[in-house]
Amino acid sequence: MQRRELFSSLFSSKEKREPQQQFIRPPYFKDESSFHNMCQECDGKCSTVCEENIIRIHKDKTPYLDLSSNGCTFCDACAKECPFEVLTLEEKKDINAIFEIDMLKCLSWNTTMCFSCKNPCLSHAIEFLGMFRPSIKFDLCTGCGFCVGVCPTQAIHYTKL
Ligand code: SF4
Ligand code: SF4
Ligand code: SF4
């Protein structure tokens, strides 16, 4: 194959590739591949039983968590309902996301007193320096997401681990 043909074929295969999805999953799964194999046969049962209404079903038929306005109580309902053992109680874990406070948006980092995120955090993972400058302690954070929606300036962000 000529160099030009090689580069052109590499470029076109890259273009065709689907972008990598960065889904935050319900906290009971063993491996990512099981969603793509088994959820195709299901009609999104886990999303219908979530008491906090945070499980969405993507167009690829797999579930992901939307923590923008509510959080996960780790109630086990989704795992108990899953008919294909994609979610199981044996695999219960913290949510696979990392949470961070944007210092530029956070009121408390900008000399306005605010404790909105502190109270909903039952894990005491949000630590203030005196009365200001909160940060999230990674080792204490379960990824529940309850701090996100209560922030008046949308300063708390989460990304997949
Ligand atoms: S554990 Fe409960 S609150 Fe959390 S995602 Fe599953 S059903 Fe929803
Ligand atoms: S209930 Fe289980 S199989 Fe059905 S969509 Fe949810 S994770 Fe997939
Ligand atoms: S800091 Fe972590 S444990 Fe605390 S509310 Fe936010 S996501 Fe939940």
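In what follows, Ala, Val, Leu, Ile, Met, Phe, Trp, Tyr, Cys and Pro count as nonpolar, Asp, Glu, Lys and Arg as charged, and the others, Gly among them, as polar. The structure is a predicted model.

**Exercise 1. Ligand shells**

Task: Determine how many nonpolar, polar and charged residues the shell around ligand 3 has.

Solution.
Step 1. List the shell: ligand 3 is surrounded by Phe99, Cys121, Ser123, Ile126, Ile136, Cys141, Thr142, Gly143, Cys144, Gly145 and Cys147.
Step 2. Assign the classes: seven of these residues are nonpolar, four are polar, and none is charged.

Task: Carry out the class division for the residues of the shell around ligand 1.

Solution.
Step 1. The residues around ligand 1 are Tyr28, Cys50, Glu52, Ile55, Cys72, Thr73, Phe74, Cys75, Asp76, Ala77 and Cys78.
Step 2. The division gives eight nonpolar residues, one polar and two charged.

Task: Carry out the class division for the residues of the shell around ligand 2.

Solution.
Step 1. Around ligand 2 lie Cys39, Cys42, Gly44, Lys45, Cys46, Pro63, Cys82, Pro83, Phe84, Val86 and Leu87.
Step 2. This shell divides into nine nonpolar residues, one polar and one charged.

**Exercise 2. The chain as a whole**

Task: State how many helices and strands the protein chain has, and in which pattern they follow along the sequence.

Solution.
Step 1. The protein chain has five helices and six strands.
Step 2. Read along the sequence, their pattern is α-α-α-β-β-α-β-β-β-α-β.
Step 3. Of the 161 residues in the protein chain, 36% are buried.
Step 4. Among contacts with a separation of 6 or more, 63% join residues 24 or more positions apart.
Step 5. The accessible surface of the chain is about 10,300 Å², and carbon and sulfur atoms account for 54% of that surface.

**Exercise 3. Two loop residues**

Task: Decide whether Asn96 is buried or exposed, and identify its contacts.

Solution.
Step 1. Asn96 is placed in the loop between helix H4 (77-81) and strand E3 (97-101).
Step 2. Its relative accessibility is 13%, so Asn96 counts as buried, the limit being under 20%.
Step 3. Neighbours within four places in sequence aside, Asn96 is in contact with Phe23, Ile24, Arg25, Phe29, Thr159, Lys160 and Leu161.
Step 4. For one of these residues, Arg25, the backbone nitrogen lies 3.4 Å from a polar side-chain atom of Asn96.

Task: Decide whether Asp76, one of the residues around ligand 1, is buried or exposed.

Solution.
Step 1. Asp76 occupies the loop between strand E2 (63-65) and H4.
Step 2. With a relative accessible area of 16%, Asp76 is buried.
Step 3. Not counting residues up to four places away in sequence, Asp76 touches Tyr28, Leu89 and Lys92.

**Exercise 4. Aromatic pairs**

Task: Classify the geometry of the pairs Phe29 with Phe35 and Phe115 with Phe128.

Solution.
Step 1. The structure holds four aromatic pairs.
Step 2. The ring centres of Phe29 and Phe35 are 5.4 Å apart and their planes stand at 55°, so this pair is tilted.
Step 3. Phe29 and Phe35 are both buried.
Step 4. Phe115 and Phe128 also form a tilted pair, with 5.0 Å centre to centre and 45° between the planes.
Step 5. This second pair links distant parts of the chain, 13 residues apart: Phe115 is in the loop between E3 and strand E4 (126-129), and Phe128 is in strand E4.
Step 6. Phe115 counts as partly exposed because its relative accessibility is 29%, whereas Phe128 is buried, with a relative accessible area of 12%.

Key
Residues are numbered from 1 along each chain as its sequence is written. Chains are lettered from A and ligands numbered from 1 in the order in which they are written. This is a predicted model: local features need pLDDT of at least 70, side-chain atom pairs count only at pLDDT 80 or more; totals for chains, interfaces and linings use all residues. Side-chain values use heavy atoms; hydrogens and water are left out. A residue is near a molecule or strand if one of its heavy atoms lies within 4 Å of it. Helices (H or I, at least four residues) and strands (E, at least two) are DSSP runs, numbered from the N terminus. Buried means under 20% relative accessible area, exposed over 50%, partly exposed in between (1.4 Å probe, protein chains only). Contact means heavy atoms within 4.5 Å. Accessible areas come from the Shrake-Rupley method with a 1.4 Å probe; for residues, only the protein chains shown count as cover. A polar contact is a pair of N or O atoms within 3.5 Å; within protein, one must be able to donate a hydrogen and the other to accept it, and residues adjacent in sequence count only if both atoms are side-chain atoms. Rings of Phe, Tyr and Trp (its six-membered ring) pair if their centres lie within 6.5 Å; planes under 30 degrees apart count as stacked, over 60 as edge-to-face and the rest as tilted.
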